[in-house]
Amino acid sequence: MAIIHRLSPRLANQIAAGEVVERPASVAKEVLENSLDAGATRIDIDIEAGGSRLIRIRDNGVGIGSDDMPLALARHATSKIASLEDLERVGSLGFRGEALASIGSVSRLTLTSNNREEGSEGCSALTEGREMDVQLRPAPHPRGTTVEVRDLFFNTPARRKFLRTEKTEFNHLEEVVKRLALSRFGVGFSLRHNGRVIHNLKGAETTAEQQRRVAAICGPAFMEQAIHIDSDRSDMRLWGWVALPTFSRSQADLQYFFVNGRVIRDKLVAHAVKQAYRDVLYHGRHPAFVLYLELDPAQVDVNVHPGKHEVRFRDSRAVHQCIFSTLHRALADVRPAPAAEALA
Ligand code: ADP
Ligand code: MG
């Protein structure tokens, strides 16, 4: 008797959701990344009860046509890559075609979108954690997309049990919004929690406006003690702000590193920064920075982890060297002068 059977699409999606949908913050990350990939210049985020009751994200991006709506919610369906070559130099934040299917399998998800001009009507699809035979309904919506995720994990109680307090969940979610707001200065963001405005960030174009956004997110004290750096080499550019040692932290909580507009956490990067600060920071203190590395997408592999916050650099030595030498130089003025005998 055969004992192997295919998983139902719903169960397969719920298993996939286990990888990327850990908590409300991870839902927000995936949905916001879609808005950025859609070229939105304005994103409004409404949260209730830390995100476990409601996450509503509305953008003014390119929108989704009604023909594409069912596929947008299906697993392994994406508009972002079509071939292995595309994957090897992917420029979008998403490419796995799994997020909406995963989120839809563990929540009551409504997708409403319109990809046409002013005056046209959009359409709406609701999944309710069911099989993906999506019902489409006409719905008014300006050009762009609204994703509404209600009652996250309502049908997976084991997952729901792992949610922390409303405050903790909201803090994680706010952190996601901060990172993405730092990654795209040109995009306006608003964030409301239980009806209260937490952030309202207008699109920032000039350096002064960018600095205002960094100050709004990292605190004015960071900006006051930050050095602006910009090192443009032929193969890569590193720019951003690094705090003077006088603004060191007891935790590594103000460290933002972006590679080609993607938020990443990386040991190699952390090591290069730490080395650069080595002789100016007391033991146990952590530097604060907001840094942007730009290089040819073919030089970075982003398909390392489903969460996509890890990357692999083709030439990791060159990246380490670029970060270390740029920061080391920037901190030269605050580094204690070597003793005379050491120079002799
Ligand atoms: P991926 O982002 O990896 O392609 P998703 O499941 O996140 O997979 O989204 C599936 C598809 O739905 C996307 O490829 C895109 O075409 C469409 N989509 C999702 N969100 C939006 C949005 N906010 N605006 C326009 N299109 C969207
Ligand atoms: Mg996506």
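**Exercise 1: the ligand shell**

Find which residues come nearest to ligand 1 in this predicted model, and which elements give two or more residues to its shell.

*Solution.* Start with the shell itself: there are 22 residues around ligand 1. Those that come nearest are Asn-34, Ala-38, Thr-78, Gly-94 and Ala-99. Next, look at where the shell comes from: helix 2 (24-37) and helix 5 (99-105) are the elements that give two or more residues to it. Last, sort the shell by class, and you get 8 nonpolar, 9 polar and 5 charged residues.

**Exercise 2: the overall fold**

Work out how the radius of gyration of the protein compares with the globule rule.

*Solution.* First take stock of the secondary structure, which comes to 12 helices and 15 strands. Now for the comparison: for 344 residues the globule rule gives 20 Å, and the radius of gyration is 22 Å, close to that value, so the protein is as compact as a globular protein of that length. For the extents, the C-alpha trace spans about 80 × 55 × 40 Å along its principal axes. Then check burial: 36% of the 344 residues are buried. Finally, turn to contacts with a separation of 6 or more; 68% of them join residues 24 or more positions apart.

**Exercise 3: the largest nonpolar core**

Explain where the largest nonpolar core lies relative to the two domains.

*Solution.* Begin with its members: this core has 77 residues, and Ala-28, Ile-103, Val-177 and Phe-289 touch the most other members. Helix 7 (residues 166-183) gives the most to the core, namely 7 residues. Both domain 1 (9-201) and domain 2 (219-334) give residues to it, so the core lies between them. To zoom in on one member, take Ala-28: leaving out residues up to four places away in sequence, Ala-28 touches Gly-51, Ile-55, Leu-173, Val-176 and Val-177.

**Exercise 4: where the domains meet**

Describe the side of domain 1 that touches domain 2, by element and by class.

*Solution.* Set the scene with the split into domain 1 (9-201) and domain 2 (219-334). Taken over C-alpha atoms, the domain centres are 29 Å apart. Across the boundary, 13 residues of domain 1 are in contact with 12 residues of domain 2. On the domain 1 side, at least two residues each come from helix 1 (9-20), helix 4 (84-88) and helix 7. Helix 7 has the largest share there, 3 residues. By class, that side of domain 1 has 5 nonpolar, 2 polar and 6 charged residues.

Technical notes:
Residues are numbered from 1 along each chain as its sequence is written. Chains are lettered from A and ligands numbered from 1 in the order in which they are written. This is a predicted model: local features need pLDDT of at least 70, side-chain atom pairs count only at pLDDT 80 or more; totals for chains, interfaces and linings use all residues. Helices (H or I, at least four residues) and strands (E, at least two) are DSSP runs, numbered from the N terminus. The radius of gyration is taken over C-alpha atoms; the globule rule is 2.2 Å times the number of residues to the power 0.38. A residue is buried if 20 or more other C-beta atoms lie within 10 Å of its own, exposed if 12 or fewer, and partly exposed in between; C-beta atoms are placed from the backbone. Two residues are in contact if their C-beta atoms, placed from the backbone, lie within 7 Å. A residue is near a molecule or strand if its C-beta atom, placed from the backbone, lies within 6 Å of it. Ala, Val, Leu, Ile, Met, Phe, Trp, Tyr, Cys and Pro count as nonpolar, Asp, Glu, Lys and Arg as charged, and the others, Gly among them, as polar. A nonpolar core is a set of buried Ala, Val, Leu, Ile, Met, Phe, Trp, Tyr and Cys residues joined through C-beta atoms within 7 Å. Domain bounds come from an automatic or database domain assignment.
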